[in-house]
Amino acid sequence: MYRKHLLFFILLPFTVFSQAQDNPLQKQEQDSLMFIRQKARDYLHACQQYHRNGQYELHKKYTDSLLEFSRSYELREAELQALMNQAIYYNNINAYEKALRIYHEALDKCGDIPNRDIARTVILVNVGNVYNNIGAYDKAIAVMDTVIQRTRMYKTPPLTAIAAYNGLSTGYSKLGDEKESLRYLEKVRKMGLEIGDTTVVVTALNNMSSSYMTLGDYGKSLDLSNNSLNLQQNIVYSKQKTTALLNIGMSYLRSGKPKQAITYLNQAGEASVQLHIVEVEMKTHNYLAEAYEATGDFESSYKEQKRYSDMVKSNMKEKGDAMTLDLKKENSDQQKIIQHGKRELAFLRAQKGKIILGCFLGFLLLSGILFFYYRKRKSLESENARLIRDFRDIHNRHDALKTQMEEIAGRIGHENAANDNNSPSYKNSSLSAADRQLLMHKLTDYMEQEKPYLDFDLNHSQLASRLGMSSNHLSEVLSLCFEQNFYNFINIYRVDEACRLMKDPEYRNLKIIAIAYESGFKSKSSFNRIFKNHTGYTPTAYKEKFCS
């Protein structure tokens with residue numbers, strides 16, 4: 001059955017510097033900037049208006065203009081909104097590969113804007129809808145679960161959670177669990193009523209109609225679709241009205257009334273062509289072929305079946321291209337490693353003669369390398385043991401992580417003072433012991449209040465910049481106060497966040513991969529490795545032992 005997604009726009013404010021300027025030239029520049037940003041707002045307003053009115057080609061035209069304009073004047077927020085509009089257009093016409101490519105580009109650009117957490121959440125819910133469209137239902141459900149958790153963390157628009165619940169209902173429906181699908185759709189309907197959004201309500205009614213049709217309750221399906229039409233009496237054509245017409249036609253067809261079905265299916269087909277809703281148009285041809293056959297009009301049935309077959313071929317290609325793009329993106333890192341290995345192998349083959357000549361020297365160096373390896377291994381084992389010790393100290397207490405990290409820093413400071421164990425690397429440092437303590441408290445305060453570790457792209461220089469200190473001073477504080485490098489320090493917080501989420505009843509059913517993303521980890525493999533290094537357990541084993 002055709003199910004309607006909720007696709008929507010990012011509504012992010014453009015940053016405008018409004019303070020008074022005494023210099024006439026500066027005032028002129030400010031007025032020019034205000035004019036440019038207002039022009040971008042006008043483009044965006046036109047995009048949204050044409051989309052709401054079902055004028056999708058004009059929507060695309062103004063979207064392209066907004067993208068070109070925003071890039072010309074380096075308006076990052078406007079550029080991101082233009083990309084979102086482009087992706088929505090391509091998803092609407094079943095150009096899934098293009099839509100997914102643009103969404104990935106938008107995700108990459110999120111780090112350049114002030115409201116990046118909200119923007120990333122909004123983009124993710126639309127990415128989840130694309131996954132549903134191309135048949136990657138398990139992936140769609142995982143993304144939508146993540147979106148729901150993020151809506152509780154950030155002040156996202158109400159439609160974000162609504163769209164995620166709607167996406168979950170679609171995923172579970174496609175996997176055959178209509179009862180779970182209906183449970184989420186009821187949430188969507190109630191939330192639509194609460195915010196007074198008719199579009200949300202009729203979308204829920206249409207999707208509920210599809211679920212009941214799948215369950216064989218054609219009477220209930222027909223009632224829900226008629227309710228949806230009644231709420232849209234003043235609308236000539238819209239996606240929601242087209243979907244309701246399709247569902248009514250299908251309900252009549254399944255109830256053994258093909259003549260009534262043909263009337264509504266033809267109306268749905270006409271509307272889908274005008275609105276460029278490819279998925280509905282394709283379904284209409286399929287069910288019209290079945291209806292005409294039931295009435296004995298085999299010529300019309302053949303024509304409709306031919307149109308359906310042609311559209312299916314095109315649609316399957318789009319889905320295949322989109323899935324291929326997604327797989328390519330996931331495997332890009334692995335391919336880079338493989339290519340690097342091939343280059344190394346080619347180099348070794350080319351240098352075969354030199355390698356043979358160097359074997360003797362290599363043999364002489366082997367003992368030294370083995371000794372270095374032994375020391376390195378012992379160092380790593382010691383570091384891993386310390387990580388597990390510190391984590392278990394934290395795990396067995398109920399204080400705030402900030403307090404415990406500062407106590408660890410205090411313990412290390414006393415040990416270093418007692419043993420006169422100052423690192424030679426910082427012998428000539430401009431920081432005094434008191435300075436280091438101030439920066440250490442500033443660091444732990446920032447980690448507790450701003451939670452920068454949830455950004456999986458965070459690096460050493462970015463954190464130093466946000467704290468207003470140099471990278472060298474940050475390294476010194478991490479090394480002398482915590483005996484940690486940057487990544488071990490950040491991962492302590494990420495692992496602690498993952499443990500907190502696993503113990504929280506509200507997140508109990510969240511998948512391990514979703515826990516990883518919500519805790520700031522970039523991939524499941526790095527999450528598993530780092531979590532075990534810090535706790536001595538795999539995430540799954542930890543969840544079974546401490547969170548059951």
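I started with the H5 to H6 contact in this predicted model. On the H5 side I noted Asp117, Arg120, Thr121, Leu124, Val125, Gly128, Asn129, Tyr131 and Asn132, and they meet Tyr137, Lys139, Ala140, Val143, Met144, Val147, Arg150 and Thr151 of H6. I sorted the residues of this contact by class and got eight nonpolar, five polar and four charged.

Next I looked up the geometry of the pair. H5 covers residues 116-133 and H6 covers residues 137-153. Their axes come within 8 Å and cross at roughly 155 degrees. Over 145 degrees counts as roughly antiparallel, so I wrote H5 and H6 down as roughly antiparallel to each other. The crossing of H5 past H6 is left-handed.

**H5 again, now with H7**

I stayed on H5 and turned to H7, residues 158-174. Here the axes come within 10 Å, and the crossing angle is roughly 20 degrees. Since angles under 35 degrees count as roughly parallel, H5 and H7 go into my notes as roughly parallel to each other. H5 passes H7 in a left-handed crossing too.

Which residues make this contact? From H5 I listed Thr121, Val122, Val125, Asn129 and Asn132, and from H7 Thr160, Ala163, Ala164, Gly167, Thr170 and Gly171. The class count for H5 with H7 is four nonpolar, seven polar and no charged residues. I also marked Thr121, Val125, Asn129 and Asn132 of H5, since they turn up in the contacts with both H6 and H7.

**Whole chain**

I stepped back for the overall picture. The chain has 23 helices and zero strands. Of its 548 residues, 46% count as buried. I then checked the contacts with a separation of 6 or more: 64% of them join residues 24 or more positions apart.

**Cores**

The largest nonpolar core holds 106 residues. Which of its members touch the most others? I found Tyr103, Ile123, Leu443, Leu463, Phe482 and Phe489. I picked Leu463 for a closer look. Setting aside residues up to four places away in sequence, Leu463 touches Leu443, Tyr446, Pro452, Leu458, Leu474, Phe486 and Ile490. Leu443 is therefore both a partner of Leu463 and another of the residues I had listed for the core. There is also a second, separate core of 17 residues, and Leu510, Ile515, Ile530 and Tyr542 are among them.

**A lysine in H2**

Is Lys60 buried or exposed? I found Lys60 in helix H2, which runs over residues 56-72. Its relative accessibility is 13%, and because buried means under 20%, Lys60 counts as buried. Not counting neighbours within four places in sequence, Lys60 is in contact with Tyr89 and Tyr90. Both tyrosines fall within H3, given as 76-92.

**Positive phi**

Last, I went through two glutamates in loops. Glu74 has a phi near 55 degrees, which is positive although the residue is not glycine. Glu74 sits in the loop between H2 and H3. With 55% relative accessibility, Glu74 counts as exposed.

Glu483 also has a phi near 55 degrees, again a positive value in a residue other than glycine. I placed Glu483 in the loop between H19 (471-482) and H20 (486-503). Its relative accessibility is 31%, so I entered Glu483 as partly exposed.

Notes:
Residues numbered from 1 in each chain as written. Predicted model: local features only at pLDDT ≥ 70, side-chain atom pairs only at ≥ 80, totals over all residues. Heavy atoms only, no water. Core = buried A, V, L, I, M, F, W, Y, C linked by side-chain atoms within 4.5 Å. Buried < 20%, exposed > 50% of the residue type's maximum accessible area, 1.4 Å probe, protein only. Contact = heavy atoms within 4.5 Å. Axes fitted to C-alpha atoms, helices over the stretch in contact; angles between N-to-C directions. Helix = DSSP H or I, 4+ residues; strand = E, 2+ residues; numbered from the N terminus. Parallel < 35°, antiparallel > 145°, perpendicular 65-115°, else oblique. Left-handed = near helix turned anticlockwise from the far one by under 90°. Nonpolar A, V, L, I, M, F, W, Y, C, P; charged D, E, K, R; others polar.
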